[in-house]
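User: Please take a close look at the surroundings of the ligand, and then relate them to other local features of the chain. I am in my first year, so a careful, step-by-step account would be welcome.

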Amino acid sequence: MSQTLGEMLPSIKSAPPGPHSLELASRLNVVESRNVTWLSENFPIFWDRALGSNVIDVDGNVYVDLTSAFGVAFAGHSHPSITLAIEKQGKVLVHGMGDVHPTASKVKIMEEMGKLSPWKEARTVLASSGAEAMEIALKTAQMYSGKTGLIAFRGAYHGLTLGSLSVTDREKFRDPFVGRLTEHTSFVNFPKTGEEAESIITEIASIVRRKKSTAEPVGAIVIEPIQGRGGVQIPPEGFLQTLSDFSQSAGLLLIFDEIFSGLGRSGVIFETERAGVVPDLVCLGKSLGGGMPLSACIGSREVMAGWPETDGEAIHTSTFLGHPLSCAAGISFLNVLKSENLVLQSVQKGQYLLDSLQASLRAGQHVFQVRGRGLLIGIELHNQKNHSVKSMGSHVSQLALKEGLIVLPAGIDGEVVELAPPATITREQMDFAVKCLSKILLESQL
Ligand SMILES: Cc1ncc(COP(=O)(O)O)c(C=O)c1O
């Protein structure tokens, strides 16, 4: 058993949440607004340190993290090269003036992203969060096409700011603000079978026709090539290609939200590569900043030329655009991605984890399906009557935490357990995770 922090198996000294976590929770309860951190007897633990695939909480418990903290720590938590890059940058310049007096690191990271992108001449706008990258994509699409109508997919998650929320499909997030969300988005099903895929393209074509002579003609289609928070939904073979052919023939822009799936998480740098399509815009975030807040909307030179030349004041920018610490960390992450061959690790380890889970959970009465690509895996849960059960993923997450395993629920009804571990996860840690989840899913009364 490895004793090296980062590669360790869980070590639980006091049942989570331990006394220090509970004490912090009671203090948090009187300072943070409602509806941010969910506090209960069983949840959360307060993190103190993290390295590789291990997290240590304030009570000294060691966990294996199968979330990469929302998919961010793809290179492992606190990767030594990335933390060194942050440290070095922090000593000389923490914050600059991104869109006025930028830094060399802003140039460098966009050069590196351009080399990875599917375009010969890529153009990028940087931002801090995934939602903000989506805002930029939606604004770019409107600038380029002059059209405000959008097509998005049921179950999609693109962020919670008002623009990104307009293409996110989750009643809970939308309902309180529905009056402020634009009427411009038409949602269609995210296909699960080839048959569904065909009828969805027909439906999109009919929406585009219907809206053509209205005030909101459709200008763009927004899709996660693999839905992450929607429950790790993978479209049938060929769907993205057909969607791309359709958008080209209809003169629509195709926006790929690769904030979760991108940069190796799903076993390829971009899903565009696997699908053999070149979309018009790609959004990145999460792992891009190596743990620092960094996101981007990248497009071809032609589409990004939808933005006019600047007259000295950018139409879309933000205080932290091109933040030096985030750019330095991002450059280092992109180096690690190559030097440690994280994409190959994601393919190989993802296949091992998927195969082990499928073999071990096959007999499970609660397990409807285990699916995934690379290190993005979902376990969809059903009850004895074979119906999906609201919040079952959340229940499993709480039980797993007690065993020292950090996982998150996903899916519109929280019916999926989502696994997105760091690419540095060891075989021993994966074997532990499979054993632990099998015990919960096969033996517990859920
Ligand atoms: C596919 C996708 N798009 C956008 C977002 C929003 O990113 P952020 O939470 O950084 O705003 C997320 C977050 O989970 C995501 O998974």
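Analyst: The account below begins with the ligand and then turns to the backbone, the cysteines and one helix.

The model is predicted. Which residues surround the ligand? The shell consists of Ser129, Gly130, Ala131, Tyr157, His158, Gly159, Glu224, Arg229, Asp257, Ile259, Phe260 and Lys286. Sorted by class, this shell holds four nonpolar, four polar and four charged residues. The charged group is made up of Glu224, Arg229, Asp257 and Lys286.

Several polar contacts to the ligand involve the protein backbone. A polar backbone atom of Gly130 is 2.8 Å from an oxygen atom of the ligand. For Ala131, a backbone N or O atom likewise lies 2.8 Å from a ligand oxygen. Tyr157 contributes a backbone N or O atom that lies 3.3 Å from a nitrogen atom of the ligand. How much of the ligand does the protein cover? Taken alone, the ligand exposes 390 Å², and the protein buries 82% of that area.

Some features of the backbone itself also deserve attention. Most residues other than glycine have a negative phi, and most peptide bonds are trans. Val232, in the loop between β7 (218-223) and α9 (239-250), departs from the first pattern: its phi is near 50°, a positive value in a residue other than glycine. Val232 counts as buried because its relative accessibility is 0%. Leu263 is found in the loop between β8 (253-257) and α10 (271-275). Although Leu263 is not a glycine, its phi is positive, at about 60°. With a relative accessibility of 2%, Leu263 is therefore also classed as buried.

The second pattern has exceptions as well. Pro16 and Pro17 are joined by a cis peptide bond with omega at about -10°, and Pro17 sits in the segment before α1 (19-29). Another cis peptide bond links Phe43 to Pro44, with omega at about -5°. Pro44 belongs to the loop between α1 and β1 (47-51). In strand β2 (residues 54-57) one finds Asn54, which is buried at 0% relative accessible area. The side chain of Asn54 reaches the backbone nitrogen of Glu7 at a distance of 3.3 Å.

Positions distant in the sequence may be compared through their C-alpha atoms. Pro102 lies in the loop between α3 (80-92) and α4 (104-116) and is partly exposed, with a relative accessible area of 46%. Its C-alpha atom is 7.3 Å from that of Gly322, although the two residues are 220 apart along the chain. Gly306 offers another pair to consider. This glycine is in the loop between α11 (301-304) and α12 (324-339), and it is buried because its relative accessible area is 18%, below the 20% limit for that class. Gly306 and Ala75 are 231 residues apart along the chain, and their C-alpha atoms are separated by 35 Å.

The cysteines raise a question of bonding. How many disulfides does a search of the whole structure find? The search returns zero. The nearest cysteine sulfur to that of Cys297 belongs to Cys283 and is 4.5 Å away, and Cys297 is in no disulfide. That pair does not qualify because a disulfide requires the two sulfur atoms to lie within 2.5 Å. Cys297 is buried, with a relative accessible area of 0%. Cys327 is in no disulfide either; its nearest cysteine sulfur, that of Cys297, is 16 Å away. Cys327 is likewise counted as buried, at 0% relative accessibility.

Finally, helix α15 shows how a regular element can be described by its span and its burial. The helix runs over residues 427-443, which amounts to 17 residues. From its first C-alpha to its last it reaches 23 Å, close to the 24 Å expected at 1.5 Å a residue. Which residues of α15 are buried? They are Gln429, Met430, Ala433, Val434, Cys436, Leu437, Ser438, Ile440 and Leu441.

To return to the original request, the ligand has a shell of nonpolar, polar and charged residues, and the protein buries 82% of the area that the ligand exposes when taken alone.

Methods: Residues are numbered from 1 along each chain as its sequence is written. This is a predicted model: local features need pLDDT of at least 70, side-chain atom pairs count only at pLDDT 80 or more; totals for chains, interfaces and linings use all residues. Side-chain values use heavy atoms; hydrogens and water are left out. Buried means under 20% relative accessible area, exposed over 50%, partly exposed in between (1.4 Å probe, protein chains only). Helices (H or I, at least four residues) and strands (E, at least two) are DSSP runs, numbered from the N terminus. The expected span of a helix is 1.5 Å times one less than its number of residues. A residue is near a molecule or strand if one of its heavy atoms lies within 4 Å of it. A polar contact is a pair of N or O atoms within 3.5 Å; within protein, one must be able to donate a hydrogen and the other to accept it, and residues adjacent in sequence count only if both atoms are side-chain atoms. Accessible areas come from the Shrake-Rupley method with a 1.4 Å probe; for residues, only the protein chains shown count as cover.
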